[in-house]
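This report describes a sheet, a helix that lies across it, and the surroundings of one residue. The sequence and the model are shown below.

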Amino acid sequence: MPIDAAKALAAEPRSAEIAWDHKDVQLYHLGLGAGSPATDPAELRYTLESRLHVLPSFATVAGAGMGVVGGLSAPGIDIDLAAVLHGGQSVTLHRPLPTGGRAVSTSRVAAVYDKGKAAILVLRSDAADDEGPLWTSDAQIFVRGEGGWGGDRGPSERLELPGREPDKTVERPIREEQALLYRLSGDWNPLHADPEFAALAGFDRPILHGLCSYGMTLKAVVDTVLGGDVTRVRAYRTRFAGIVFPGETLRIRMWAGDGRVQVAVTAVERDDAPVLADTVVEHS
């Protein structure tokens, strides 16, 4: 079996120094579709260095870190990228992210789940600088064809949507070239750029990065519900329920509650096909 769960879980955590500056933050924001309209003060907070603040989902790409693709080279893991899909993502913020800095990222395989016809890897990264912890990030990686060894199936709970109309609904278009721009932040999986590779994975064209729709959704919540204040975000989690293609439109529905916003994201052009589910932003 290409995944040796015991070996992967027993492996020593890997630590690396990471660094980023305002250009990395700006590039990330542009890859999420920020900057339209270009002179809008609300957008300049994401694109102009003199006004810059950092969307907390930047933690998933800061300094490249272990990264999704990098984590798949951990001991005990030898899999085909064409069988890999990003299953979910969560990030917990210990304090607001600076526009530039250096930190130590410590990464490990936190869990390996056997789903029968697939495996799920949980790749955990903790980042800290000289002032203390910055964030903890978990990536859940779905690997087709790698289950069936009789291991722990892991959690399977689902979050029900509120039984009322959403408090806010917005639509966010995905530009045709957006995946090409987003991948410059460090996710080089050819599934998002190469039509021939996408065909091998069973898609008729490259799909958008799950983490791009993840970041777009958090930006929509911050801008729509949290008054544009990124420092209010405490944690953010989602399950990738389906794919979305460049050129399509995300419909983002939001239900505000006590210290949290529940979100559902769908693809408008495909009859509201699910894109993100079990999605929650916890905030102050």
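Which residues does Q26 touch, not counting residues up to four places away in sequence? They are Y46, T47, L48, E49 and L52. The model is a predicted one.

Q26 belongs to helix α2, which covers residues 22–31. Its relative accessibility is 10%; buried means under 20%, so Q26 counts as buried. With E49, one of the residues it touches, Q26 also makes a side-chain polar contact of 2.9 Å. Between the C-alpha atoms of Q26 and K219 the separation is 13 Å, and the two residues are 193 apart along the chain.

The sheet is open and has 10 strands, in the order β1-β3-β4-β5-β2-β7-β10-β9-β8-β6, with antiparallel pairing. β1 (14–20) and β6 (168–173) are the edge strands; each has a single partner strand, so one side of each has no neighbour in the sheet. From one strand to the next, the twist averages 20°.

Within the sheet, β2 (residues 84–93) pairs with β5 (residues 132–144) over 9 bridges, in the antiparallel sense. T92 is opposite T136 in β5.

Helix α7 is made up of residues 210–224 and lies across β2, β6, β7, β8, β9 and β10. Helix α7 runs at about 135° to β7. The residue ranges of four of these strands are tabulated here.

| Strand lain across by α7 | Residues |
|---|---|
| β7 | residues 233–240 |
| β8 | residues 249–256 |
| β9 | residues 260–267 |
| β10 | residues 273–283 |

How values were computed. Residues numbered from 1 in each chain as written. Predicted model: local features only at pLDDT ≥ 70, side-chain atom pairs only at ≥ 80, totals over all residues. Heavy atoms only, no water. Pairing = 2+ DSSP bridges. Helix = DSSP H or I, 4+ residues; strand = E, 2+ residues; numbered from the N terminus. Axes fitted to C-alpha atoms, helices over the stretch in contact; angles between N-to-C directions. Contact = heavy atoms within 4.5 Å. Buried < 20%, exposed > 50% of the residue type's maximum accessible area, 1.4 Å probe, protein only. Polar contact = N/O pair within 3.5 Å; in protein donor to acceptor, adjacent residues only side chain to side chain.
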